[in-house]
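Here is a friendly walk through a structure, written for someone who likes cut-offs spelled out. Please keep the viewer open as you read.

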Amino acid sequence: MTTLPLDRFSLAEDRRRLTLRRGALVAVLAALLAGVFALTLSLGQSYTPPGEVLRVLLGEEVQGAGFTVGQLRLPRAVLSVLAGLSFGMAGVAFQTMLRNPLASPDIVGVSSGASAAAVFAIVVLSMKGPAVSVVAVLAGLAVALSVYGLSFRNGVAGTRLILVGIGVSAMLESLVAYILTQAPEWTLQEVLRWLTGSVNGARLDQAMPLLAALLVFGGLLLGCARNLMALRLGDDTAAALGVRVSLTRLVIIVSAVGLIATATAVTGPIAFVAFLSGPIAARIAGTRGSLLIPSALVGALLVLAGDYVGQFLLPIRYPVGVVTGALGAPFLIYLLVRVNRSGGSL
Amino acid sequence: MSVRAPLPIRSLALFSLLAALAGLCALSVTIGSRDVSWSEIVAGLAGHNDTIGEAAVALRVPRTLLAVIAGSALGLAGAVMQGVTRNPLADPGILGVNTGAALAVVVGVAWFNIVSTEAYVWSAVAGAGCSAVLVYALGSVGRDGATPLKLALAGTATSIALASLIIAVVLPRNDIAGGIRSWQIGGVGGASYDRILPVLPFMAVGLAISLLSARQLNSLALGDDMAAGLGERVPVARAFAALGTILLCGAATAACGPIGFVGLIVPHLCRLLVGLDHRWLLPISALGGACLLLLADILGRIIARPAELDVGIVTAFVGAPFFIWIVRQQRIRQL
């Protein structure tokens, strides 16, 4: 850790440098994301020249490429990016708020709540489209709030919240497993979506709820980014700095859950993306300043690249959740060891 | 809580559990998707297989047996595990041991074409052992050793990772996917003597080791330093007891698939009955586990009539609230 410069001018200078560096880094991440996005559009089973891809994107009728790019690759890539942004941003919001990198929505039960609700809505209530997203968001919120309520005892300790979340998600996962066994007519692909997350069979109209959620909830999260940063110092310090702790917490929980649940209703709970994005972003960007945007970009990169790897670079086509899940395992071990050794910051 | 309940209470607990087990066994044979008459039950138990009812009863017998064996193994394993880790949240399901066993079995089936139950058991035990060591090592890195939170997190996170590895292994193999998926939920339905017999030696050795470690677990409960002061070789005692739970969990998982929460609930309830002395707690937990799993299996048959709810789902639904209750009771230290 470097010593902080103490006089006023060098503090301002330091701050300006940090902002600049952060800006450059976000730009690099965004450029990388755009690059991978372009790659997934033009290179799949067959190669489509960038010129043709561009013409398809501009809405022209192109023989052949119109189908492969416009119908197959574009919806997939768009959904991957949107879901990744949502998972990444919501994940780091939870991790920062609870001051524990392991307290990501996929571990504390939010993802499994949304996924259980989505499966229930689809299989048992035979719902479709946006209605599923609404149900998933409501159930995700209900699960998050009940986890919060159940861990309330003279205030909410982060530890208790994580453990209660683990219990709740164990229950919900067995509910998902049960509903899936009751739906024998489903294909294995469809089942896998709800067990591990996948963007197979993506359609462009599925992107709308995701986009809306990103605008609303993502905007809310970015709006309280400063308060979120203050929460990192501990609830008491944050309160002393003038942050209304419980209100901030509520806003963050609602918006993070909104993001996670909307994305989960479309792609299923893509394993570990919410969990990994924040810590990876922290490694790249340092822990000073808000990690929401870097982490969202990392999440999008993870899903996009994970899906590409799963589709084309492995001997068998795997859904993206299997790739991110397997990729996540070694990183998770590293993270657990590091967190346990140092005591819990990102 | 007193260290040990008075002897009459302990004996009463023992006998009432035995009676409950007998009663549940009887219920398990008589209740099911199909209503059968008493004469058919008697005939079915006597080995006749002439009517559908008699055949149903004949199928329920091995199922009951498997539930008793697996339940007692899981209950006992949970009690030993909570003793070894001095952790109220220890459970073969929470700590990822069952998922490890499941992954090993799935890998064995998909890559090495294992078919015999013996091979299932060996690979399950190996997988359970590896994941137990991994999770414990991950959870105990750092200054304050294996706290409940660190262990639970390490177990959950490892379970998620292993579960996606299971999918990765199963996915290319459409031929085995269906079977593995139903096995993975954890159930005792469709049990047969062929599936039970190969598991028994492992269970027996695991049972013996676990029961023999009772005295050492009592010393360990006082803390590592005190146990060492009492002349216990702490790492050896811990490894010995852990070997017992690994054998039990691996064997139970090989026979029924991963079943969670039995190992969590049972020791806690049994501690309320007989106190903290492991020499009593361990056998009582084994009995209690058998009762709980049987009860869960019977409930699963009643609730979802005419279909059946797999026992793993029932235990998760009963167990998760219990887990949350324990979390709320304990003053769990901050990470």
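A:Arg17 is exposed, with a relative accessible area of 51%; exposed means over 50% on this scale, buried under 20% and partly exposed in between (1.4 Å probe, protein chains only). The partner of A:Arg17 is A:Asp14, and their side chains meet in a salt bridge at 4.0 Å, N to O. By the rule used here, a salt bridge is a side-chain nitrogen of Lys or Arg within 4 Å of a carboxyl oxygen of Asp or Glu. A:Asp14, for its part, is buried, at 14% relative accessible area. The two residues sit 3 residues apart in helix 1 of chain A, so about one helical turn separates them.

Before going on, a word on the basis of these values: this is a predicted model, in which local features need pLDDT of at least 70 and side-chain atom pairs count only at pLDDT 80 or more, while totals for chains, interfaces and linings use all residues. Residues are numbered from 1 along each chain as its sequence is written, chains are lettered from A and ligands numbered from 1 in the order in which they are written, and side-chain values use heavy atoms, with hydrogens and water left out.

**More salt bridges**

Over all chains, the structure holds 9 salt bridges. Three pairs from chain A, including the one described above, are set out here.

| Pair | Closest N to O |
|---|---|
| A:Arg16 and A:Glu13 | 3.0 Å |
| A:Asp14 and A:Arg17 | 4.0 Å |
| A:Arg203 and A:Asp205 | 3.2 Å |

A:Arg16 and A:Glu13 are also 3 residues apart in helix 1 (residues 8-42) of chain A, which puts about one helical turn between them. A:Glu13 is partly exposed, at 35% relative accessibility. A:Arg203 is partly exposed too, with a relative accessible area of 45%. In chain B, a network of salt bridges links B:Arg63, B:Asp297 and B:Arg301.

**Around B:Ser28**

B:Ser28 lies in helix 1 (residues 7-30) of chain B and is buried, with a relative accessible area of 0%. Which residues does B:Ser28 touch, not counting those up to four places away in sequence? They are B:Arg60, B:Thr64, B:Leu294, B:Ile298 and B:Arg301, where contact means heavy atoms within 4.5 Å. With B:Thr64, B:Ser28 makes a side-chain polar contact of 2.6 Å. A polar contact is a pair of N or O atoms within 3.5 Å; within protein, one must be able to donate a hydrogen and the other to accept it, and residues adjacent in sequence count only if both atoms are side-chain atoms.

**Where the chains meet**

Chain B brings 44 residues to the contact and chain A brings 50 residues. Together they bury about 4000 Å², 77% of it on carbon and sulfur atoms; buried area is the accessible area (1.4 Å probe) that two parts lose on being put together, summed over both. How many salt bridges are counted between chain B and chain A? The count is 0, and the rule finds 2 residue pairs in polar contact across the interface (both at pLDDT 80 or more). Helix 5 (117-140), helix 6 (148-170), helix 7 (174-185) and helix 15 (311-329) of chain B each supply at least two residues of the side that touches chain A. The largest share of that side, 14 residues, comes from helix 6 of chain B.

Note on methods:
Helix = DSSP H or I, 4+ residues; strand = E, 2+ residues; numbered from the N terminus.
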